[in-house]
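Thanks for coming, everyone. I have one structure to walk through today. Let's put it on the screen.

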Amino acid sequence: MKTDVEELSPTRVKLTIEVPFEELEHAFDVTYKSLAKQVRIKGFRPGKAPARLIDRHVGRGAVISEAVNHAVPELYNEAIQKEEIFALGQPDVEVTKLEDNEELAFTAEVDVRPKFEIPDYEGIRVTVDDAEATEDQVEEQVNNLRERFSTLVGAGRPVQQGDHVSIDLSAAIDGEPLEDVQTSGLSYEVGTNTILEGLDDALTGMSEGESATFATKLVGGEHEGREADVTVTVHSVKVKELPELDDEFAQMASEFDTMEELRADVRSRMAEVRRLQQLNQARDRALEQLVESVDAPLPDSVVEEEVGRRRQSLEQQLSQSGLTKESYLESQGQSEEEFEEELKQGATSAVKAGFILDQIAIDEELSADNNELTQYVVEQAQQMGVSPDQLANHLVESNQIQVAYTEVVRAKALDLVMEKATVADESGNVVEKDSGEEAGAGEAEVAADAEAAAVEGAEELETETESPEARDSAESGDEAERR
């Protein structure tokens with residue numbers, strides 16, 4: 001086999017592959033065995049007909065076409081491994097020459113991993129937020145706790161902003177009542193504007209037992225967007241009564257005897273949470289620095305695929321929440337053009353970050369073993385609310401093995417960057433990075449009971465995964481799929 005490689009761009013190549021017919025012997029053997037089982041030739045049992053009769057029965061052209069279809073993928077994979085090409089996605093293949101008993105020639109255009117140098121990340125400096133909670137932040141948490149112990153009492157007056165009311169709602173269009181747009185005994189906090197535009201204004205000043213009608217546009221359902229007359233009836237008006245922040249409250253709301261002890265505990269817990277947040281923030285910012293420092297061309301197809309994946313994910317979330325894209329953009333104060341630009345920028349950064357971590361993994365010869373894959377499955381299953389064995393089986397059955405493998409290896413690459421990084425908070429204090437490892441160890445203990453269930457599936461993951469270099473060359477479509 002002869003292979004020529006032409007660089008069409010920094011992220012796309014064209015392979016020209018020429019193969020003499022004698023090197024297609026294996027492909028023809030497979031083709032003849034397959035066809036022999038399908039055709040029925042008098043005098044021969046299924047699968048036993050000789051090649052010359054199969055040629056005559058189905059036509060030599062059909063045999064050659066079948067053999068070529070079988071051979072091209074194998075020849076392509078052999079070529080990219082031999083030429084050490086890190087292919088992304090599936091190639092565009094065109095057969096350019098096919099002469100029986102002489103030669104097969106074809107071209108394959110495919111996107112490739114860009115070549116770039118990883119900058120020295122030894123001692124990279126990362127600044128994160130301070131972990132110490134301010135007194136205002138502590139008081140905010142205490143007040144949140146106070147809200148949980150609030151009670152609702154009768155207001156004894158007309159409705160005001162912030163009141164909690166029990167109401168009935170009904171709607172009509174052109175005087176015709178809408179049976180599917182009505183509700184009774186609905187609890188609502190006035191001023192939140194979470195149901196219908198104009199409802200808060202209509203409620204303000206109303207008393208128990210009163211009704212009022214206002215015009216508004218309906219949201220959701222088959223009448224969404226239509227103007228309707230909505231009638232609201234108030235059944236009760238209540239106000240939130242908060243307990244005093246004294247020692248009695250501390251004893252009721254916690255295991256502490258005094259508010260001083262309760263505030264100290266809140267302060268300590270907030271600091272611990274913020275220390276863990278510091279570590280996550282440090283990882284994000286270290287990766288952001290690497291992304292900004294690397295100038296690498298990116299394959300348009302991979303970026304577009306990531307844009308599509310993110311768009312689809314958002315649309316699914318909006319659909320599950322009963323929201324439209326238009327309402328989402330309005331809430332974000334974005335135009336369609338601004339949204340698309342933000343989507344593309346995020347996708348571009350994500351793709352580049354993936355390439356950078358993959359390159360570090362290749363340079364440092366990082367890989368994932370069975371225990372690491374198992375732990376990944378356990379942690380992901382906990383986040384998704386499914387059993388580890390269910391997730392492991394899903395990864396295998398849906399051909400997402402490489403996703404799990406790549407995520408583990410990329411995480412190890414980022415761990416390596418963090419090991420060499422210097423992390424300090426805004427006040428100049430050095431942040432201890434090993435606290436994150438201790439936290440991870442604690443999580444591993446919590447997950448220990450579930451881990452055994454994932455072992456069988458994870459073993460399948462391991463047997464079907466390889467090193468980053470072997471993965472890139474042998475599984476040309478996986479890189480794009482992972483993004």
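Start with the second largest pocket. Helix α9 contributes the most to its lining, with four residues. One thing before I go on: this is a predicted model. Back to the pocket. The space inside the second largest pocket comes to about 580 Å³. Its lining has 19 residues. Nearest the centre of the second largest pocket are Ile195, Glu197, Val219, Ser327 and Glu330. Two elements, β9 (211-217) and α9 (325-332), each supply at least two residues of that lining. What is the make-up of the lining, in nonpolar, polar and charged residues? Five are nonpolar, nine are polar and five are charged.

Now the chain as a whole. There are 483 residues, and 38% of them are buried. The secondary structure comes to 17 helices and eleven strands. Take the contacts with a separation of 6 or more. Of these, 70% are between residues 24 or more positions apart.

Next, the inside. As a general point, nonpolar side chains in soluble globular proteins tend to be buried together. Here the largest nonpolar core has 53 residues. Which residues have the most contacts inside this core? They are Phe116, Tyr121, Ile356, Ile360, Val417 and Val423. The elements giving two or more residues to this core are β5 (125-128), α7, α8, α10, α11, α12 (388-397) and α13 (401-419). Helix α10 has the largest share of this core, at ten residues. There is also a second, separate core, of 34 residues. Val19, Ile54, Ile64 and Ala71 are among the residues of that second core.

Let me zoom in on Ile356. Leave out residues up to four places away in sequence. Ile356 then touches Phe116, Ile118, Leu290, Val291 and Val294.

Follow that last contact to Val294. Where does Val294 sit? Val294 is in the loop between α7 (259-293) and α8 (300-321). Is Val294 buried or exposed? Its relative accessibility is 4%, so Val294 counts as buried; the cut-off for buried is under 20%. Beyond four places in sequence, Val294 touches Phe116, Glu117, Pro119, Lys352 and Ile356. Look at Lys352 in that list. Val294 and Lys352 are 58 residues apart along the chain. Their C-alpha atoms are separated by 8.5 Å.

Strand β5 is next. We met β5 as a contributor to the largest core. Its two faces differ in cover. Val126 and Val128 make up the covered face of β5, while Arg125 and Thr127 make up the uncovered one. Why would the residues of a strand split like that? In a regular strand, side chains alternate between the two faces of the sheet. β5 also has a partner. It runs parallel to strand β11 (residues 422-425), and four bridges join the two. In that pairing, Thr127 stands opposite Ala424 in β11.

Now to the start of the chain. Strand β1 (residues 2-9) pairs with strand β2 (residues 12-20). The sense is antiparallel, over seven bridges. β1 and β2 form a hairpin, with two residues between them. On β1, Lys2 stands opposite Glu18 in β2.

A little further along is Thr31, in helix α1 (residues 25-38). Thr31 has a relative accessibility of 3%, so it counts as buried. What does Thr31 contact, leaving aside neighbours within four places in sequence? Val63, Glu66 and Ala67.

Last stop: two glutamates with an unusual entry on the backbone list. Glu84 is not a glycine, yet it has a positive phi of about 55 degrees. Glu84 is in the loop between α3 (60-82) and β3 (87-99). Its relative accessible area is 66%, so Glu84 is exposed. Then Glu365. Glu365 also has a positive phi of about 55 degrees, again without being a glycine. Glu365 is in the loop between α10 (336-363) and α11 (370-384). At 69% relative accessibility, Glu365 counts as exposed.

To close, keep two places in view. One is the largest nonpolar core, with ten residues from α10. The other is the second largest pocket, where α9 gives the most to the lining. That's my tour.

Notes:
Residues numbered from 1 in each chain as written. Predicted model: local features only at pLDDT ≥ 70, side-chain atom pairs only at ≥ 80, totals over all residues. Heavy atoms only, no water. Buried < 20%, exposed > 50% of the residue type's maximum accessible area, 1.4 Å probe, protein only. Contact = heavy atoms within 4.5 Å. Pairing = 2+ DSSP bridges. 1 Å grid on protein atoms, 1.4 Å probe; cavity = no way out; pocket = protein on both sides within 12 Å on 5 of 7 lines; lining within 4 Å. Points joined across faces, edges and corners; volume = space filled by probe spheres on them. Nonpolar A, V, L, I, M, F, W, Y, C, P; charged D, E, K, R; others polar. Core = buried A, V, L, I, M, F, W, Y, C linked by side-chain atoms within 4.5 Å.
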